Amino acid sequence: EKDDAPTAFAPDQPAALLSGNQRLLGQIDSESLAVLTGTKVIHVPPSGIRLLRNARDEVDGADAEAPPFHIELWGGGSILGQLRDPVVALRARDAVWRVPAADLVEFSNPAPRLSDEMRLKLAAHVRDLGSEDWEKREGASQALAEFGFMARPLLDEALKTTSDPEVRRRVEKL
């Protein structure tokens with residue numbers, strides 16, 4: 001049974017799906033990807049990419065040789081644009097593969113892992129959402145927002161367990 005839909009195939013490792021349904025486990029091997037979005041160039045560090053997907057079939061009149069890409073970021077948000085470089089370097093083990101951008105169907109990056117220390121810090125911020133001190137609540141909201149997707153599991157848990165309306169309001173907003 002053949003499944004043509006791009007899917008994540010290595011949830012704990014960065015991986016690329018290439019044309020022809022070829023799969024390559026490896027990380028993007030550059031400091032940043034330059035993404036052209038109209039008149040702007042946005043430099044995106046590979047570690048900040050949650051999912052990079054070829055959007056050639058989603059954008060009318062897309063160039064087959066320089067297709068647009070939809071990029072979901074770990075910090076939240078997304079970008080739609082073309083990669084400035086026509087080739088993407090992918091490091092797999094000890095080799096670097098130079099893949100034409102047009103042949104890149106999807107690249108997925110696993111969730112960054114939080115250290116126990118960082119997890120405790122996030123939990124403290126979640127607790128501070130219910131502080132009597134307004135500045136402490138604001139600081140906790142800002143700190144949690146900066147963690148983006150990485151804070152989501154703790155926020156989901158807080159939403160399930162809290163009876164504090166202030167905490168609930170802030171968690172829902174985040």
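Colleague: Aspartate 156 has a relative accessibility of 33%, so it counts as partly exposed. This is a predicted model, right? Which residue forms a salt bridge with aspartate 156?

Modeller: Yes, the model is predicted. The general idea first: side chains of opposite charge can pair when their charged atoms come close. Here the partner is arginine 152, with 3.7 Å between the closest N and O atoms. That falls inside the 4 Å cut-off for a salt bridge. Arginine 152 is partly exposed too, at 49%.

Colleague: Where do arginine 152 and aspartate 156 lie?

Modeller: Both are in helix H3 (residues 152-161), four residues apart, or about one turn of the helix. Helix H4 (residues 165-173) has a pair separated by about one helical turn as well, because arginine 169 and glutamate 166 are three residues apart. Their closest N and O atoms are 3.1 Å apart. Arginine 169 is partly exposed at 42%, and glutamate 166 at 23%.

Colleague: Which residues are linked with Glu166 and Arg169 in a network of salt bridges?

Modeller: Arg137, Glu138 and Arg170 join those two in the network.

Colleague: What about a pair that links distant parts of the chain?

Modeller: Take arginine 50 and glutamate 72, whose side chains meet in a salt bridge at 3.1 Å, N to O. Arginine 50 is in strand S6 (residues 49-54) and glutamate 72 in strand S7 (residues 68-73), 22 residues apart. Arginine 50 is partly exposed at 30%; glutamate 72, at 22%, is also partly exposed.

Colleague: And how many salt bridges does the count come to?

Modeller: Eight.

Notes:
Residues numbered from 1 in each chain as written. Predicted model: local features only at pLDDT ≥ 70, side-chain atom pairs only at ≥ 80, totals over all residues. Heavy atoms only, no water. Helix = DSSP H or I, 4+ residues; strand = E, 2+ residues; numbered from the N terminus. Buried < 20%, exposed > 50% of the residue type's maximum accessible area, 1.4 Å probe, protein only.
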